[in-house]
Amino acid sequence: MTRPARRRVAVVGTGAIVSGSHLPALRAHAERVELVAAVDVDQGRLDAFRALAGEEVAGFTSVDGMLDAVRPDLVLIGTPPSLHRAQTVAALKAGAWVLCEKPLTLSLAEYDEIAAAEEASGAYASVVFQHRYGSGAVHARDLLTSGELGAPRVAHCQTTWHRDTAYYAVPWRGTWASEGGGPTMGHGIHQYDLLLHLLGPWAEIRAMAARLVHDTESEDVSTALVRFENGALATVVNSVLSPDEVSRIRIDCADATVELTHLYGHRNEDWTYTPAPHVASERADAWRTPTADVPSSHAAQLGTLLDAYDNGVRPPGSGADARATLEFAAALYKAAFTGQPVTAGEIVPGDPFYPAMHGDHPHWAPKEHA
């Protein structure tokens, strides 16, 4: 089937993430996409978004109604996490590709439902992991995977943010049913997704989690020790209790240390390379900075997805690639709640952590499950 030059796009949810990130991304690729529809159950919010995006954008209060009427090529989903699975499956069944905010699903079981819907439809669902797509991350991954920095040995991944009680007063925050977890699922996932993107498959994880401040079902801090298939060892910290907010990744290799320090997005200047004493300066100079400076953003990821759409291939950040990040989250929770190490591939149907991140653990499951 011949596709139009511009992909017809619909957004589901018209809150801050869609108006503040997805809409600018669509405008950045205006020659390739056309926003044709928006969905929100809140009519006032929908009207406000259409005033911002353009009155030619059709408004709907149901996903099914929009899909039936519009038949978009691509659906961008920015609703609360508990809605992601059903909305993604509906869009795939309608033949649309999907770009959905993280987490795509609340469990591995739900993720595998989406995989089945992909297979049935021939369309693909990607997760928003925009930190992979900045030029600094692309450059670092090229250096690491080519072996130019030497063998990875030690890594640190840190998402130390701060969220107050007002943040958790929003009804859909802080529960397993609505978010699938705490900062491990909703905050740190961007950073450790990038860590996995840079270092490759993980092999084993040991972890701890705690509910130290907030009155939530899920954790407000988690820590993990990770062994990667390549032998590297890493620490991962996910916190919403940290007054001095920072997002950081550091990887020590045989020939260099590469470090990223930022908060919610990075540019080339946020990456530093420190050569080992034995490395010649001429070699180290070639590591510093790629020619282009593309910030990590929804726009950068959308461009990559559109390239995949044009070529009829699976986009990055989908399928087994994105599932590995969700599996890491599930394994971190299982390791933290059971006190036992968890290996990659261990959580399968029949494991209590496959259908739910809390694993029905008596100290962590919602009260109705405990």
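Contact here means heavy atoms within 4.5 Å. Keep that in mind for the helix I start with. One caution: this is a predicted model.

Helix H12 covers residues 298-311. Its buried residues pack against E1, H1, E2, E4, E5 and E6. Which residues of H12 are buried? They are His-298, Ala-300, Gln-301, Leu-302, Gly-303, Leu-305, Leu-306, Ala-308 and Tyr-309. An α-helix has 3.6 residues a turn, so residues three or four places apart point the same way. Now the length. H12 has 14 residues and spans 20 Å from first C-alpha to last, close to the 20 Å expected at 1.5 Å a residue. Right after H12 comes Gly-312, with a positive phi near 65 degrees.

Next, the sheet that H12 packs on. Six strands make up this open sheet. The order is E3-E2-E1-E4-E5-E6, and the pairing is parallel. Strand E3 (58-60) and strand E6 (125-127) are the edges; each has a single partner strand, so one side of each has no neighbour in the sheet. From one strand to the next, the twist averages 25 degrees.

Take one pair from that sheet. Strand E1, residues 7-12, runs parallel to strand E2, residues 33-39, and six bridges join them. Val-12 has Val-39 in E2 as its bridge partner.

Two more helices belong in this picture. Helix H1, residues 16-28, lies across E1, E2 and strand E4 (74-77). H1 runs at about 180 degrees to E1. Helix H4, residues 84-93, also packs on the sheet. H4 touches E1, E4, strand E5 (97-100) and E6, and its direction makes about 160 degrees with that of E5.

On to the other sheet. Eight strands form it, and it is open too. The order is E13-E12-E11-E7-E10-E9-E8-E14, with mixed pairing. At the edges are strand E13 (271-275) and strand E14 (342-343), each pairing on one side only. Helix H13, residues 319-338, packs on this sheet. H13 touches strand E8 (202-210), strand E9 (221-228), E10 and E14. The direction of H13 makes about 55 degrees with that of E8.

Let me walk through the pairs, starting at the E13 end. E12 and E13 run antiparallel, joined by five bridges. Leu-260 stands opposite Trp-271 in E13. Strand E11 (241-253) and strand E12 (256-262) are also antiparallel, with six bridges. Between E11 and E12 sits a hairpin of two residues. Two facing pairs here: Ile-249 is opposite Leu-260 in E12, and Arg-248 is opposite Thr-261 in E12.

Why call E12 largely enclosed by the rest of the structure? Six of its seven residues are buried, so the surroundings largely close it in. The cut-off for buried is under 20% relative accessible area.

Now the E14 end. E8 and E9 pair in the antiparallel sense over eight bridges. Ala-210 faces Val-221 in E9. E8 and E14 are antiparallel as well, over two bridges. There, Ile-205 stands opposite Val-342 in E14.

Ile-205 comes up again in the packing. The largest nonpolar core has 108 residues. Which residues have the most contacts inside it? Leu-195, Ile-205 and Ile-251. By element, H13 gives the most to this core, with eleven residues. Look at Leu-195 in detail. Outside its sequence neighbours up to four places away, Leu-195 touches Ala-155, Cys-157, Gly-200, Phe-228, Ala-234, Val-236, Ile-249 and Ile-251.

One helix pair deserves a slide. Helix H6 (135-146) and helix H10 (189-199) have axes that come within 8 Å and cross at roughly 35 degrees. From H6, the contact uses Ala-137, Ala-140, Arg-141 and Leu-144. From H10, Leu-194, His-197 and Leu-198 meet them. The residues in this contact split into five nonpolar, one polar and one charged.

Last, a single residue. Asn-238 sits in strand E10, residues 233-239. Is Asn-238 buried or exposed? Its relative accessibility is 1%, so Asn-238 counts as buried. What does Asn-238 touch, leaving out residues up to four places away in sequence? Thr-159, Pro-183, Thr-184, Gly-188, Tyr-192, Asp-220, Val-221, Ser-222 and Leu-332. Val-221 we have met already, opposite Ala-210.

Notes. Residues are numbered from 1 along each chain as its sequence is written. This is a predicted model: local features need pLDDT of at least 70, side-chain atom pairs count only at pLDDT 80 or more; totals for chains, interfaces and linings use all residues. Side-chain values use heavy atoms; hydrogens and water are left out. Helices (H or I, at least four residues) and strands (E, at least two) are DSSP runs, numbered from the N terminus. Buried means under 20% relative accessible area, exposed over 50%, partly exposed in between (1.4 Å probe, protein chains only). Two strands pair if DSSP finds at least two bridges between them. Axes are lines fitted to C-alpha atoms, for helices over the stretch in contact, and angles run from 0 to 180 degrees between N-to-C directions. A nonpolar core is a set of buried Ala, Val, Leu, Ile, Met, Phe, Trp, Tyr and Cys residues joined through side-chain atoms within 4.5 Å. Ala, Val, Leu, Ile, Met, Phe, Trp, Tyr, Cys and Pro count as nonpolar, Asp, Glu, Lys and Arg as charged, and the others, Gly among them, as polar. The expected span of a helix is 1.5 Å times one less than its number of residues.
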